[in-house]
Amino acid sequence: MLALLPQLRRYSRSLTRSGEESEDLLQDCVEKALVNRAQWHGSNLKAWACRIMTNLHFNARRTLRRRPAVSIEEAETLPAPSTEDPLEKGRLQQAVQALPPDARAVLMLVVVEGYAYREVAEILGIPEGTVMSRLSRARQALREKMREENIIPLRRTQ
Amino acid sequence: MNEQTRPTDAELNAYVDGQLDAEARARVALYLADHPEDAALVADWQAQNDDLRAAFGSFEQSRPGDINLLVPRPAPGYWQPRRLTLAAAAVLIFAAGALGGYATPRFPTTPSERLASTDLLPTEARNAFLVYASEVRHPVEVFADDEAHLAAWLGKRLAMTDLKVPNLQPLGFRLVGGRLLPVGGQPGAMFMYEDQTGERLTVLIGRNRENKETSFRFASADGVETFYWLDQDIGCAVSGEISRDMLRQVADAVYRQLPV
């Protein structure tokens, strides 16, 4: 489990909005995995941990959805417009934040975590066709978002 | 330029993700060579993949305190801000529910009003699910290791001496625990279950002595599915973000286990 933490941290960060939120999710996930380790019969520990993390994340999102207004405590953890990030990366992050959580989870599991579609279907407990439609939806949304914000000032060539 | 059938969206996605076999891959590549618009789309997606990996790849790192994550945390104190915010949200939601729904606690008797009032049960069930299923540390008041006490306590508050906590183990859901909460302005019970991956569902039970109806219904809102029924004076609702089919199986198991 210790060896998996870096990859789980990456997945956690790819689902959440801030480093703090990500570490909270990681911690909750590890704790849940340890408590339930007796029930783990599968072969792939990371996939199992990813499933736990996704469920925990969706559980937490439910609460956020009911509180559209940003609470004070949450506001502190919202990513400030970063000056360190290259512009491109900041824009990508914003586009990612705007994705629906279920589509985002699929996209990250496929692209960042490198899972096969069939494995993603198992992790999320959904049919492979649903994986494909969410993936496609995520890509289209990301592309449109990036284009829409890609306002290139016109310059006359010298 | 030869006419080729456009690959499906699924195939284009799989091409970008390197999840096609060699034959299909070659076929899509051949198609893209002749179709610049789709080729541009695919190139965009590939660039997206690279950007995403670059953006999140750097978070794959170990940290000095990692070993501590594997050690159980001490019991949380009341100072924990995250939990407090959730608790406050719970209080607010139930206060709003009480004010909005139960200014008149008696069950109305005309058919149209009765319909409106039975609709409060799934709303309450969904609220309870949304509030408590997201709780990591305090989802319930009494945990499953004290099941006998839980059944006796809630049975007493609901005036159901033979109340047993429904067993959903055969469906893969183990009991997390339960709590007392208002249902229709009266003491009600909530039991929470989860499967081994942490997917949760809740069972809400309330009583209303004046109800003589029997009905079963599905309700769906906010992505939460609720299956609920009124049987004599017992109202029961099962909520979760699971398929209707599974929910129906759960509801069936609960229904058969509740005292008549």
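**The interface of chains A and B and a pocket lined by both**

In this predicted model, 52 residues of chain B are in contact with 53 residues of chain A. Together the two chains bury about 5,000 Å² between them, and 53% of that area lies on carbon and sulfur atoms.

Polar and charged pairings also span this interface. Between chain B and chain A, 19 residue pairs are in polar contact, counting pairs in which both residues have pLDDT 80 or more. On the side of chain B that touches chain A, at least two residues each are supplied by helix H1 (9-16), helix H3 (36-57), helix H4 (66-69), helix H5 (81-101) and helix H7 (120-132) of chain B. The largest share comes from H3(B), with 12 residues. Sorted by class, this side of chain B has 20 nonpolar, 13 polar and 19 charged residues.

The charged residues lead to the matter of salt bridges. Side chains of opposite charge can pair when their charged atoms come close. Over all chains, the structure holds 24 salt bridges, and seven are found across the interface of chain B and chain A. One salt bridge joins the side chains of Lys32(A) and Glu194(B), with an N to O distance of 3.0 Å. Another is formed by Glu23(A) and Arg63(B), whose closest N and O atoms are 3.3 Å apart. This pair crosses between chains: Glu23(A) belongs to helix H2 (residues 19-35) of chain A, while Arg63(B) sits in the loop between H3 and H4 of chain B.

Attention now turns to a pocket. The second largest pocket has a volume of about 820 Å³. It is lined by 30 residues, of which Phe58(A), Leu124(A), Ile126(A), Glu199(B) and Glu241(B) are the closest to its centre. Residues of both chain A and chain B are thus named in this central group.

The helices that contribute to the lining can also be traced. Helix H3 (45-66), helix H6 (101-111) and helix H7 (117-124) of chain A, along with helix H9 (244-257) of chain B, each supply at least two residues of the lining of the second largest pocket. H3(A) gives the most, with eight residues. In terms of class, the lining of this pocket has 10 nonpolar, eight polar and 12 charged residues.

Definitions and conventions. Residues numbered from 1 in each chain as written. Chains lettered and ligands numbered in written order. Predicted model: local features only at pLDDT ≥ 70, side-chain atom pairs only at ≥ 80, totals over all residues. Heavy atoms only, no water. 1 Å grid on protein atoms, 1.4 Å probe; cavity = no way out; pocket = protein on both sides within 12 Å on 5 of 7 lines; lining within 4 Å. Points joined across faces, edges and corners; volume = space filled by probe spheres on them. Helix = DSSP H or I, 4+ residues; strand = E, 2+ residues; numbered from the N terminus. Nonpolar A, V, L, I, M, F, W, Y, C, P; charged D, E, K, R; others polar. Contact = heavy atoms within 4.5 Å. Buried area = accessible area lost by both parts, 1.4 Å probe. Salt bridge = Lys/Arg side-chain N within 4 Å of Asp/Glu carboxyl O. Polar contact = N/O pair within 3.5 Å; in protein donor to acceptor, adjacent residues only side chain to side chain.
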